[in-house]
Amino acid sequence: MADNGLILVTGAAGQLGAVGRTVTGLLLDRGLLVRAMVRREDDRAAALRAAGAEVVVGDLLEPADVSRVLSGCRRVYFGMSVSAGYLEATVTMAAVAREVGVNALVNMSQMTVSQMSIQHTTPSRQQRQHWLSDQALAWSSLPVVTIRPTMFLESFFPLAGSTVRDRGRIALPFGRGKTSPVAAADVARVVTAVLADPGPHLGRIYELTGARSQDMHAVAREFSDALNREVTYADISPEEWEQELKRAGVPEHLTGHLVTMGALHRAGQYDRLADGVERVTGRPAMSVREFVSLYADEFGGRRS
Ligand SMILES: NC(=O)c1ccc[n+]([C@@H]2O[C@H](COP(=O)([O-])OP(=O)(O)OC[C@H]3O[C@@H](n4cnc5c(N)ncnc54)[C@H](OP(=O)(O)O)[C@@H]3O)[C@@H](O)[C@H]2O)c1
């Protein structure tokens with residue numbers, strides 16, 4: 001199938017990790033043609049257009065929309081925010097991609113999937129949907145590249161941003177479990193490298209973690225170093241956290257996912273290291289300290 005160079009990036013407006021938005025910018029920087037799919041016309045869509053992307057509006061749960069936005073593209077980044085319809089959106093994309101014919105589909109998954117099997121799934125509907133999505137894509141015979149990051153460092157914005165700002169405290173139910181969060185910017189660099197030259201990557205699964213696996217006290221010390229003030233970790237109970245998420249109005253699907261992520265952390269299952277970032281991009285993954293330094297303002301600023 002001839003490749004006219006136009007690359008479709010879904011979920012391009014960006015909410016939490018904004019991988020699609022960063023990928024769009026990085027592909028444009030390389031002089032590549034990007035069609036950026038958003039859900040609605042807003043400031044984020046305008047910014048993508050101003051950066052040079054062709055912006056298209058559509059819903060990944062609507063087959064006709066997916067067909068319209070994919071038409072004419074031979075390479076795709078498929079990712080969207082954590083949501084109840086994730087499996088449906090993946091299979092819709094796969095059905096359309098099979099009909100249209102694509103040369104590469106880069107699929108956003110989760111590292112947890114690498115540890116799952118029929119006997120060992122997790123209670124998170126999001127993780128189960130990624131586990132099933134990865135299988136459905138394998139059955140599809142499409143030229144897929146699978147990206148499996150661990151928890152994004154950006155998750156600390158909603159989960160710890162205000163408490164680090166106001167009280168120098170990260171309160172999460174991760175116990176003594178170790179974790180190796182990865183910057184979404186590093187994930188986006190991997191996705192971009194793959195989309196720019198998919199051939200050597202087709203069929204591969206890339207597991208992505210940050211620089212180091214350490215417990216939350218050590219993570220808090222990296223926050224302290226970056227902000228030049230004391231940040232401590234408080235281990236809160238899983239029940240307290242769930243109540244807090246519910247009180248804050250976090251949607252049920254996301255709450256269920258976060259509660260599972262907390263429990264898996266507590267059980268030591270996020271203690272892992274993978275070299276996908278460096279292997280694909282040639283540069284090591286960002287550390288917690290580097291990330292917090294970069295976004296110091298979001299965490300209340302650095303004391304001089
Ligand atoms: N967060 C983590 O720690 C983590 C770790 C590993 C893997 N992941 C995976 O990474 C993915 C999320 O990536 P991300 O953080 O880059 O995403 P994101 O920035 O949170 O969201 C990307 C975009 O998806 C769009 N979207 C949602 N539903 C849509 C629909 N039905 N049709 C069209 N667009 C839709 C949203 O549009 P609007 O903003 O307009 O609503 C949003 O801007 C998920 O697959 C997640 O499982 C996340």
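Is Ser-141 buried or exposed? Ser-141 is exposed, with a relative accessible area of 63%; view 4 comes back to this residue.

A quick note before the views: this is a predicted model, where local features need pLDDT of at least 70, side-chain atom pairs count only at pLDDT 80 or more, and totals for chains, interfaces and linings use all residues. Residues are numbered from 1 along each chain as its sequence is written, and side-chain values use heavy atoms, with hydrogens and water left out.

**View 1. The ligand and the residues around it.** There are 28 residues around the ligand, and Gln-15, Arg-39, Tyr-86, His-130 and Phe-152 come nearest (a residue counts as near if one of its heavy atoms lies within 4 Å). Sorted by class, this shell holds 12 nonpolar, 12 polar and 4 charged residues (Ala, Val, Leu, Ile, Met, Phe, Trp, Tyr, Cys and Pro count as nonpolar, Asp, Glu, Lys and Arg as charged, and the others, Gly among them, as polar).

**View 2. Polar contacts to the ligand.** Look for pairs of N or O atoms within 3.5 Å. A polar backbone atom of Phe-152 sits 2.8 Å from a ligand oxygen atom. For Ser-155, a polar side-chain atom lies 3.1 Å from an oxygen atom of the ligand, and for Arg-40 a side-chain N or O atom is 3.2 Å from one. On its own the ligand has 930 Å² of accessible area, and the protein covers 95% of that (Shrake-Rupley method, 1.4 Å probe).

**View 3. Helix α7 and strand β2.** Helix α7 covers residues 184-196 and reaches 18 Å from its first C-alpha to its last, close to the 18 Å expected at 1.5 Å a residue (that is 1.5 Å times one less than its number of residues). Helices (H or I, at least four residues) and strands (E, at least two) are DSSP runs, numbered from the N terminus. In α7, 11 of the 13 residues are buried, including Asp-186 and Arg-189; buried means under 20% relative accessible area, exposed over 50%, partly exposed in between (1.4 Å probe, protein chains only). Strand β2 (residues 33-38) is mostly covered too, with 5 of its 6 residues buried. Strands β1 and β2 run parallel, joined by 4 bridges (pairing takes at least two DSSP bridges), and Val-9 stands opposite Ala-36.

**View 4. Two loop residues with positive phi.** Most residues other than glycine have a negative phi. Ser-141, though not a glycine, has a positive phi of about 65 degrees, in the loop between α5 and β6. Asn-228 has a phi near 55 degrees and is partly exposed at 36% relative accessibility.

Technical notes
Polar contact = N/O pair within 3.5 Å; in protein donor to acceptor, adjacent residues only side chain to side chain.
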